[in-house]
Amino acid sequence: DGVSLGVSWPDTLFDATVELPCAEGFDGSVTRRCDSLTSTWAAVSGACVRRSCGTPPKADDEAGGGDGDGGAAADNSTTTRHRRAFDAFDAAGTVLGANWPFKYFGDVASLPCPVNHAGGPVTRRCGADGWEAPVGTCHFDVCFMVPGAEDGKGMALGIESWPRLTMGDPPAQIACSVADTAETQYEGTVKRTCGPDEDGHAAWQAVVGECLEKPKTDTPADDDGAGEGADAGAGAGGDG
């Protein structure tokens with residue numbers, strides 16, 4: 001098939017046949033006879049077949065202790081956990097929500113990061129002994145809605161919730177309209193950012209800002225009662 005063996009045919013006696021193994025990443029062997037009548041090499045017999053990497057085995061197939069695919073070892077609990085439903089995972093063991101495609105030796109598979117994740121793509125090479133370790137990571141980049149929003153001192157903001165944000169979005173802001181009654185009113189705005197945690201995944205950051213009690217204002221005196229009393233006294237004096 002014209003596949004290079006990576007070596008040269010050695011010096012050989014007439015009418016002798018030489019057998020050579022296929023190169024790395026290929027299965028099989030080939031033979032060639034040194035023809036004494038023509039003093040040349042005869043045609044090559046046999047073929048080299050490029051090895052393939054199918055979908056890596058599921059975690060249950062690795063229970064015996066071997067990794068089976070040239071990738072992470074079977075005792076890697078993170079990888080095993082994420083590979084129960086899908087085969088594809090990144091270098092940190094994050095499931096990609098897909099399966100590694102069928103590839104041949106030397107080919108590289110590439111998969112995007114899953115929904116709600118940033119980073120990637122994640123790649124994996126089909127090596128001579130099977131799948132090599134994946135390269136690239138994905139990180140979670142969404143902070144989901146959190147009910148029961150509070151200010152920086154833990155004061156509840158009524159029925160308000162922190163909204164869903166993607167990492168990098170502007171901070172969420174909530175106005176301090178809590179406990180807005182005649183007795184106590186509050187003012188101000190509190191903010192919260194969706195930022196990375198120590199592993200680079202999206203996480204709600206600390207709340208910035210507090211709700212401050214509004215200064216109370218004096219209520220004007222009601223003069224209606226005094227006016228009514230004066231009117232009544234004037235009326236009584238006229239009648240007399």
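Author: In this text, a disulfide is a pair of cysteine sulfur atoms within 2.5 Å. The model discussed here is predicted.

Reader: Why are Cys 22 and Cys 48 called a disulfide?

Author: The sulfur atoms of Cys 22 and Cys 48 are 2.0 Å apart. The cut-off is 2.5 Å, so the pair qualifies.

Reader: What makes the disulfide of Cys 22 and Cys 48 left-handed or right-handed?

Author: The torsion about its S-S bond decides this: the value is about -90°, so the link is left-handed. Cys 22 sits in the loop between strand 1 (17-21) and strand 2 (26-27), and Cys 48 in the loop between strand 5 (45-46) and strand 6 (49-50), so the bond ties together parts that are 26 residues apart in sequence.

Reader: How do you know whether Cys 22 is buried or exposed?

Author: Buried means under 20% relative accessible area. Cys 22 has 12% relative accessibility, so it counts as buried. Cys 48, at 8%, is buried by that rule too. Cys 34 also counts as buried, at 8% relative accessibility.

Reader: What makes Cys 53 and Cys 126 a disulfide?

Author: Their sulfur atoms lie 2.1 Å apart, and the limit is 2.5 Å, so they are counted as a disulfide. With 85° about the S-S bond, the link of Cys 53 and Cys 126 is right-handed. Cys 53 belongs to strand 7 (residues 52-53) and Cys 126 to strand 11, so the bond joins parts that are 73 residues apart in sequence.

Reader: Why is Cys 126 called buried?

Author: Its relative accessible area is 0%, which is under 20%, so the term applies. Its partner Cys 53, with 3%, is buried as well.

Reader: How do you know that Cys 143 and Cys 194 form a disulfide?

Author: The distance between their sulfur atoms is 2.2 Å; the cut-off is 2.5 Å, so the pair is accepted. With 85° about the S-S bond, the link of Cys 143 and Cys 194 is right-handed. The pair connects distant parts of the chain, 51 residues apart: Cys 143 is in strand 14 (residues 142-143) and Cys 194 in strand 21 (residues 194-196). Both cysteines are buried.

Reader: How many disulfides does the rule give?

Author: The count is five. With the bonded cysteines of the protein numbered in sequence order, the pairing reads 1-2, 3-5, 4-6, 7-9, 8-10.

Reader: What makes strand 9 and strand 11 a pair?

Author: Strands pair if at least two bridges are found between them. Strand 9 and strand 11 (residues 122-127) have four, in the antiparallel sense, so they pair. Leu 111 stands opposite Val 122 in strand 11. Within strand 9 (residues 108-111) the side chains alternate: Ala 109 and Leu 111 point to one face and are buried, while Val 108 and Ser 110 point to the other and are not.

Reader: Which residues have the most contacts inside the largest nonpolar core?

Author: This core has 14 residues, and those with the most contacts inside it are Leu 157, Trp 162, Ile 174, Val 190 and Cys 211. Strand 18 (172-175) and strand 22 (202-204) are the elements that give it two or more residues.

Reader: What is Val 190 in contact with?

Author: Leaving aside neighbours within four places in sequence, the contacts of Val 190 include Leu 157, Trp 162, Ile 174 and Cys 211, and also Asp 151, Gln 173 and Glu 210. A second, separate core has 12 residues, among them Cys 53, Phe 89, Ala 109 and Val 122.

Definitions and conventions
Residues are numbered from 1 along each chain as its sequence is written. This is a predicted model: local features need pLDDT of at least 70, side-chain atom pairs count only at pLDDT 80 or more; totals for chains, interfaces and linings use all residues. Side-chain values use heavy atoms; hydrogens and water are left out. Buried means under 20% relative accessible area, exposed over 50%, partly exposed in between (1.4 Å probe, protein chains only). A nonpolar core is a set of buried Ala, Val, Leu, Ile, Met, Phe, Trp, Tyr and Cys residues joined through side-chain atoms within 4.5 Å. Contact means heavy atoms within 4.5 Å.
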